[in-house]
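Open the model in your viewer and keep the selection panel at hand. Each stop below says what to select and what is there.

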Amino acid sequence: MKHVETLRWVGDVDGCLRLIDQTRLPVEFAEIDCRTVESVWEAIKMLRVRGAPAIGIAAAYGVCVGLQTARDADEATRFARLDEVTEYLASSRPTAVNLFWALERMKRAAPAVRGQASTDLAERLLAEARAIHEEDRKICRAIGRHGAGLLADGQGVLTHCNAGGLATADYGTALAVIFAAAESGKNLHVFADETRPLLQGARLTAWELQQRGIDVTLICDSMAAAVMREGRIQAVVTGADRIAANGDVANKIGTYGVALLAAAHQIPFYVAAPTSTFDLSLPSGEGIPIEQRDPREITHGFGCRTAPEGIHVYNPAFDVTPADRMAAIICERGIIQPVTRERIAQVLSMPQEGG
Ligand code: MRU
């Protein structure tokens with residue numbers, strides 16, 4: 001399989017962020033170079049780069065790009081610019097907490113080089129962005145290792161949206177569990193929900209699984225119930241955009257419905273996500289901000305009008321699945337089971353695994 005790099009930094013501190021334009025997949029494999037912070041913001045907003053961990057990594061590199069214009073300025077101006085670009089990038093999408101987590105990390109990295117040359121700040125920020133990127137690779141592998149044992153040989157596994165390599169540094173979260181189980185010799189059959197309205201399941205997950213030689217069947221979102229009833233699915237695995245302290249999970253719209261269907265058919269529903277996706281400041285999922293997107297994504301999917309002119313549209317990009325619907329949450333530190341506030345607090349306070 002061709003090695004696919006979702007995003008990468010090209011060059012040194014004067015370089016740029018290169019990413020796969022995911023809006024063009026699977027028809028076209030095209031990469032774009034983001035040389036301004038505005039282009040990074042646009043790439044996140046328009047879902048050229050998407051998926052919670054990948055958004056965080058892109059934003060971290062976006063800070064590096066944004067600081068390039070202040071290279072020759074005095075220190076106060078450079079630090080003011082840092083505040084400006086982090087605030088600006090934080091306005092690109094509201095739900096995936098990895099975005100805010102990564103931007104916070106970038107801001108925390110800067111004071112160490114106060115009083116030093118301008119290039120020191122640029123180098124410090126690039127080093128931090130690279131570290132966030134590199135850590136995510138290891139985290140994905142650890143999630144795969146921990147989760148692989150939850151899937152058994154011969155099972156049918158349903159996934160929703162795309163929580164694969166395209167959504168992370170390279171191996172995915174939900175798909176990492178599937179990849180790792182497959183690499184350990186288990187034969188799995190994956191069902192990919194197409195994931196209306198933007199079809200991340202059809203365009204990205206189906207493509208990614210096919211590229212990696214995993215047996216995959218694409219279904220419309222509305223088919224999941226019937227496919228479960230037919231006995232074709234023994235486990236569901238999805239990713240997450242934000243997990244509250246009690247284990248409520250925000251993920252792509254439709255995930256909640258899939259979780260309810262899984263419960264109705266006694267099928268375990270697993271969520272796979274890095275610890276950077278937890279937001280312990282929120283006691284429950286009620287406080288998770290849900291992104292509302294352009295109605296045209298529903299009325300004019302992929303350029304073709306499919307609804308009457310002037311129709312009212314509601315287009316939340318995410319929903320919240322209550323913790324009590326989950327069999328387990330898989331993170332890089334292990335398996336959180338049962339999904340309770342206490343167990344989450346316990347696992348998140350464990351020392352970080354080496355990767
Ligand atoms: O709108 P998107 O495509 O960014 O939504 C992505 C998802 O909902 C993913 O499941 C989630 O970010 C986890 S990615 C590892």
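## Two cis prolines

Select Pro338, in the loop between strand S14 (334-336) and helix H11 (341-348). This is a predicted model. Now add Gln337: the peptide bond joining Gln337 and Pro338 is cis, with omega at about 5 degrees.

Go next to Pro26. Pro26 sits in the loop between strand S2 (16-20) and strand S3 (31-34). Show Leu25 as well, since a cis peptide bond joins Leu25 and Pro26. Here omega is about 5 degrees.

## Helices H1 and H3

Select residues 37-45 for helix H1 and residues 75-90 for helix H3. How do H1 and H3 run relative to each other? Their axes come within 10 Å and cross at roughly 20 degrees. An angle under 35 degrees counts as roughly parallel, and H1 and H3 are therefore roughly parallel to each other. The crossing of H1 and H3 is right-handed.

Turn on side chains for the contact. From H1, show Val37, Glu38, Val40 and Trp41. From H3, show Arg81, Val85, Tyr88 and Leu89. By class, the contact of H1 with H3 has six nonpolar and two charged residues, and no polar ones.

## Helices H3 and H4

Keep H3 and add helix H4, residues 97-109. The axes of H3 and H4 come within 10 Å and cross at roughly 175 degrees. An angle over 145 degrees counts as roughly antiparallel, and H3 and H4 are therefore roughly antiparallel to each other.

On the H3 side, pick Leu82, Asp83, Thr86, Leu89 and Ala90. On the H4 side, pick Leu99, Phe100, Leu103 and Lys107. The contact of H3 with H4 has six nonpolar, one polar and two charged residues. Leu89 of H3 is worth a label: Leu89 is listed in the contact with H1 and in the contact with H4.

Stay on H4 and try the distance tool. H4 has 13 residues and reaches 19 Å from its first C-alpha to its last. That is close to the 18 Å expected at 1.5 Å a residue.

Which residues of H4 are buried? Select Val97, Asn98, Leu99, Ala102, Leu103, Arg105, Met106 and Ala109. Their cover includes helix H2 (52-67), H3 and helix H5 (118-147). Strand S8 (242-244) and strand S11 (278-279) are also included.

## Helix H7

Move to helix H7, residues 200-211. Its 12 residues should span 16 Å at 1.5 Å a residue, and the end C-alpha atoms are 15 Å apart, which agrees.

H7 is mostly covered, with 10 of its 12 residues buried. Colour the buried ones: Gln200, Gly201, Ala202, Arg203, Leu204, Thr205, Ala206, Trp207, Glu208 and Leu209. Show what covers them, including S4, H6, strand S5 (189-193), strand S6 (216-219) and strand S9 (249-252). Then step just past H7 to Gly213, which takes a positive phi of about 75 degrees.

## Two positive phi values outside glycine

Select Cys161, in the loop between strand S4 (156-159) and helix H6 (174-183). Cys161 is not a glycine, yet phi is positive, at about 65 degrees. Buried or exposed? Cys161 is buried, with a relative accessible area of 6%.

Next, pick Phe302, in the loop between helix H10 (296-299) and strand S12 (318-321). Phe302 is a residue other than glycine with a positive phi, near 55 degrees. At 51% relative accessibility, Phe302 counts as exposed.

## Val271 and Glu286

Find Val271 in strand S10, residues 269-272. Val271 is buried, with a relative accessible area of 1%. Where is Val237 from here? Val271 and Val237 are 34 residues apart in sequence but 5.6 Å apart in space, C-alpha to C-alpha.

Show what surrounds Val271. Leaving aside neighbours within four places in sequence, Val271 is in contact with Thr238, Gly239, Ala240, Ile243 and Val249, and with Met326, Ala328, Ile329 and Ile330.

The last stop is Glu286, in the loop between S11 and H10. Glu286 counts as exposed, at 79% relative accessibility. Draw a distance to Pro274: Glu286 and Pro274 are 12 residues apart in sequence and 21 Å apart in space, C-alpha to C-alpha.

Key: Residues numbered from 1 in each chain as written. Predicted model: local features only at pLDDT ≥ 70, side-chain atom pairs only at ≥ 80, totals over all residues. Heavy atoms only, no water. Axes fitted to C-alpha atoms, helices over the stretch in contact; angles between N-to-C directions. Helix = DSSP H or I, 4+ residues; strand = E, 2+ residues; numbered from the N terminus. Parallel < 35°, antiparallel > 145°, perpendicular 65-115°, else oblique. Left-handed = near helix turned anticlockwise from the far one by under 90°. Contact = heavy atoms within 4.5 Å. Nonpolar A, V, L, I, M, F, W, Y, C, P; charged D, E, K, R; others polar. Expected span 1.5 Å × (residues − 1). Buried < 20%, exposed > 50% of the residue type's maximum accessible area, 1.4 Å probe, protein only.
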